[in-house]
Amino acid sequence: MGTRQRRATAHRARGTTPEWWNWAGTESARPARTARPRDTAELAELVAEAAGRGLRVKAVGSGHSFTGVAVTDGLHLRMDAMDRPVEVDRERGLVTVEAGMPLYRLNRLLDAHGMALTNMGDIDRQTVSGAISTGTHGTGRSSGGLSAQVSGVELVTADGSVLRCSAEREPEVFAAARLGLGAVGVISRVTLRCEPAFLLRAVETPMPLDRVIEDLEGLVEGNEHMEFYWFPHTDRTLTKRNNRPLGAARREPLNRIRARLEDEFLSNTLYEGVNRLGCAVPAAIPRLNAVAARALSPRVYTDVSHRVLTSPRRVVFREMEYAVPRAVLSQVLRELRRLPERHGERVGFPVEVRFTPADDVWLSSAHGRGSAYVAVHQYHRRPHAGWFRAAEEVLVAAGGRPHWGKLHRLGAETLRGLYPRFEDFRRVRARLDPAGVFGNPYLERVLGPL
C-alpha cells in the first residue's frame with residue numbers, strides 16, 4: 001500500500017477522508033466545497049460568493065507542488081476545466097491560454113503554430129498558472145524560468161473583480177502576480193512570450209563529479225542549456241548539454257525502442273524497483289547508486305525543443321531545491337558530497353543541478369542574480385527529513401533561496417532578507433486581499449500575516 005493510500009485509510013477510519021492529495025502525497029485537503037469553474041465569469045462569481053460566506057479560497061492545478069501552497073479548508077477551485085487556448089499571435093510571438101492548461105498541451109498548441117517556449121522545466125504535467133505561481137524553471141545560460149516569460153496575467157481578486165495586468169498596465173500587480181503563490185488572486189489567463197519553433201541537439205555524457213566541478217564555468221557558459229545529476233555515495237554524474245544545432249538541421253530523435261527502454265523502462269519502471277530494493281535493504285543504496293550511474297550510457301539526438309527539455313517522471317519522490325549564487329556552487333557541491341556519510345544517510349536519488357540568469361521577478365529565486373539550482377531528492381518510501389535538513393543547512397549558509405513549490409523550512413523572517421522586493425510583494429498582497437481570502441497556513445509561514 002502506498003503512502004497516499006495508507007494515509008487515506010487512516011483518514012477514513014477517523015471519518016475525515018481528504019478530497020485532494022498532491023502528487024507526492026505530502027499534502028492533503030478536505031475543503032468545505034470543491035468547484036470546477038468553466039470560464040472567468042464563473043470563476044469570479046465563485047470567488048465573490050466564497051468571500052462573502054467567509055470561506056478561504058485556493059486554486060489547484062495538477063498538484064505537483066510538494067508544499068501546502070494549494071491547501072484550503074474553504075473553497076477548492078479545480079482549474080482543469082479552464083484549459084482552452086484564447087489567442088495565438090505568431091507575429092508578436094505571444095500566446096494566451098486559460099490558467100488550467102497543462103504544459104504538455106501548451107507545447108502541442110505551440111507546435112501546431114510553429115512556436116515554442118524559449119525554456120521550460122523538465123516536467124510538463126503542471127498547469128500553466130501553477131507552474132508560474134510557484135517559480136517553475138528549467139536550465140539556461142541566458143533564458144530564465146517560466147515566470148520570466150510571462151507578458152500578461154488576468155487575475156480574479158478577492159472581491160470577484162477581474163484585473164488584467166502587464167508591465168505597462170498595473171505593473172506592480174503584474175510584478176507580484178507572475179510569481180504570486182496564489183496569494184494575490186486566482187489566475188484565469190496567462191500570456192506568454194514565445195519564439196519560432198526550434199530544434200535542440202542533446203548530448204548526454206557520464207562524467208566524474210571532480211571534472212564537472214573543475215570545468216563548471218566552461219560547461220555552463222559553453223552551452224545554451226546545461227544541467228547534471230550527481231549520484232550520492234559515488235563520484236559519478238550524468239551531464240546534459242542541449243544546444244541549437246548550427247546551420248541546416250533536421251530531427252534525429254532517439255530510436256523509439258531505445259527511448260522506450262531508457263526513458264520508460266530504465267528511468268521509471270526499473271528505477272522504481274531499484275528504489276524499492278533500497279527501502280528493503282538501505283545498506284545497499286550506495287552500491288545501487290553506483291550500478292544505476294554505470295547503466296547510463298552516452299546519448300546524442302536532435303529533436304523539437306520541448307521533447308529535449310522535458311522527461312517522463314513516474315517514480316514518486318520528495319524534493320527540496322535551493323537557488324545559490326553561481327560563484328559558490330563549487331564549494332556547495334564539495335560540502336554536499338560529504339554529507340551522506342557524515343550524517344549516516346542513505347540517499348537513493350540523484351542531486352540535480354541547473355542554472356538560470358538573473359531576472360526581475362519579485363519573488364523569483366533568481367531575482368537580481370545568476371543562480372545555480374541544487375535539488376535534493378529522496379524516494380517517497382524512504383525518510384527524507386534528515387538528508388534534507390543537513391543539505392538545507394549548507395544551502396542556507398551559502399545564501400540559498402528555496403524553491404516556493406518544494407519542501408523547505410524557512411519562514412517569512414528569513415525570507416524577507418533574501419528577497420529585495422519581499423515587502424513590495426506583501427504590500428500588493430495586502431491591497432488586493434486585505435481579508436486574507438487567499439491565505440492558508442503555508443502562506444502565513446512564508447509571507448507572514450497580513
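**Group meeting talk: a walk through selected residues**

Let's start with His377. Its side chain reaches the backbone oxygen of Pro350 at 2.9 Å. One caution before we go on: this is a predicted model.

So where does His377 sit? It is found in strand β19, which covers residues 371-379. Is His377 buried or exposed? It is buried, because its relative accessible area is 6% and the cut-off for buried is under 20%. The side chain of His377 has a second partner. A polar contact of 3.3 Å joins it to the side chain of Glu319. Now look around the residue. Leaving aside neighbours within four places in sequence, His377 is in contact with Phe317, Arg318 and Glu319. The list also includes Val347, Phe349, Pro350 and Glu352. Trp387 and Phe388 complete it. Keep Trp387 in mind.

Next, a pair of helices. Helix α11 runs over residues 329-343, and helix α12 over residues 385-397. At what angle do they pack? The angle is about 150°, and the axes are 10 Å apart. Angles over 145 degrees count as roughly antiparallel. Therefore α11 and α12 are roughly antiparallel to each other. Their crossing is right-handed. Which residues make the contact? From α11 they are Val332, Glu335, Leu336, Leu339, Pro340 and His343. From α12 they are Trp387, Ala390, Ala391, Val394 and Leu395. Sort them by class, and you get nine nonpolar residues, one polar and one charged. Trp387 has now come up twice: it is in contact with His377, and it is part of the contact between α11 and α12.

Move on to Glu345. This residue lies in the loop between α11 and β18, where β18 is residues 351-356. Glu345 counts as buried, because its relative accessibility is 18%. Remember that the cut-off is under 20%. What does Glu345 touch, beyond residues up to four places away in sequence? The answer is His233, Pro340, Gly386 and Trp387. There is Trp387 again, touching Glu345. Pro340 is also on that list, and Pro340 belongs to the α11 side of the helix contact. Glu345 and Ala283 are 62 residues apart along the chain. Their C-alpha atoms are separated by 9.8 Å.

Now compare that with Ala323. Its place is in strand β17, residues 317-325. Ala323 counts as buried, because its relative accessibility is 0%. Which residues does Ala323 touch? Setting aside residues up to four places away, they are Ser365, Arg369, Ser371, Ala372, Tyr373, Gly399, Gly400 and Arg401. Here is a distance for Ala323 as well. Gly247 is 76 residues away from it along the chain, and the C-alpha atoms are separated by 35 Å.

On to strand β11, residues 186-193, where Thr191 lies. Thr191 is buried, because its relative accessible area is 15%. What does its side chain do? It makes a polar contact with the side chain of Thr96, at 2.7 Å. Thr96 is also among the residues Thr191 touches. So are its sequence neighbours on the list, Leu94 and Val95. The rest are Gln149, Val150, Ser151 and Gly152. Residues up to four places away are not counted there.

Two backbone cases next. Take Glu170 to begin with. Glu170 has a positive phi of about 50°, although it is not a glycine. Where is Glu170 found? It is in the loop between β10, residues 162-166, and α5, residues 171-177. Glu170 counts as partly exposed, because its relative accessibility is 34%.

Then Leu181. Its phi is near 55°, a positive value in a residue other than glycine. Leu181 has its place in the loop between α5 and β11. Leu181 is buried, because its relative accessible area is 2%. So one positive-phi residue, Glu170, is partly exposed, whereas Leu181 is buried.

Last stop: Glu413, in helix α13, residues 412-416. Is Glu413 buried or exposed? It is exposed, because its relative accessible area is 65% and the cut-off for exposed is over 50%. Its side chain has a partner. A polar contact of 2.8 Å joins the side chains of Glu413 and Arg416. How far is Glu413 from Asn255? They are 158 residues apart in sequence and 51 Å apart in space, C-alpha to C-alpha.

That's the tour. Thank you.

Key
Residues numbered from 1 in each chain as written. Predicted model: local features only at pLDDT ≥ 70, side-chain atom pairs only at ≥ 80, totals over all residues. Heavy atoms only, no water. Helix = DSSP H or I, 4+ residues; strand = E, 2+ residues; numbered from the N terminus. Buried < 20%, exposed > 50% of the residue type's maximum accessible area, 1.4 Å probe, protein only. Polar contact = N/O pair within 3.5 Å; in protein donor to acceptor, adjacent residues only side chain to side chain. Contact = heavy atoms within 4.5 Å. Axes fitted to C-alpha atoms, helices over the stretch in contact; angles between N-to-C directions. Parallel < 35°, antiparallel > 145°, perpendicular 65-115°, else oblique. Left-handed = near helix turned anticlockwise from the far one by under 90°. Nonpolar A, V, L, I, M, F, W, Y, C, P; charged D, E, K, R; others polar.
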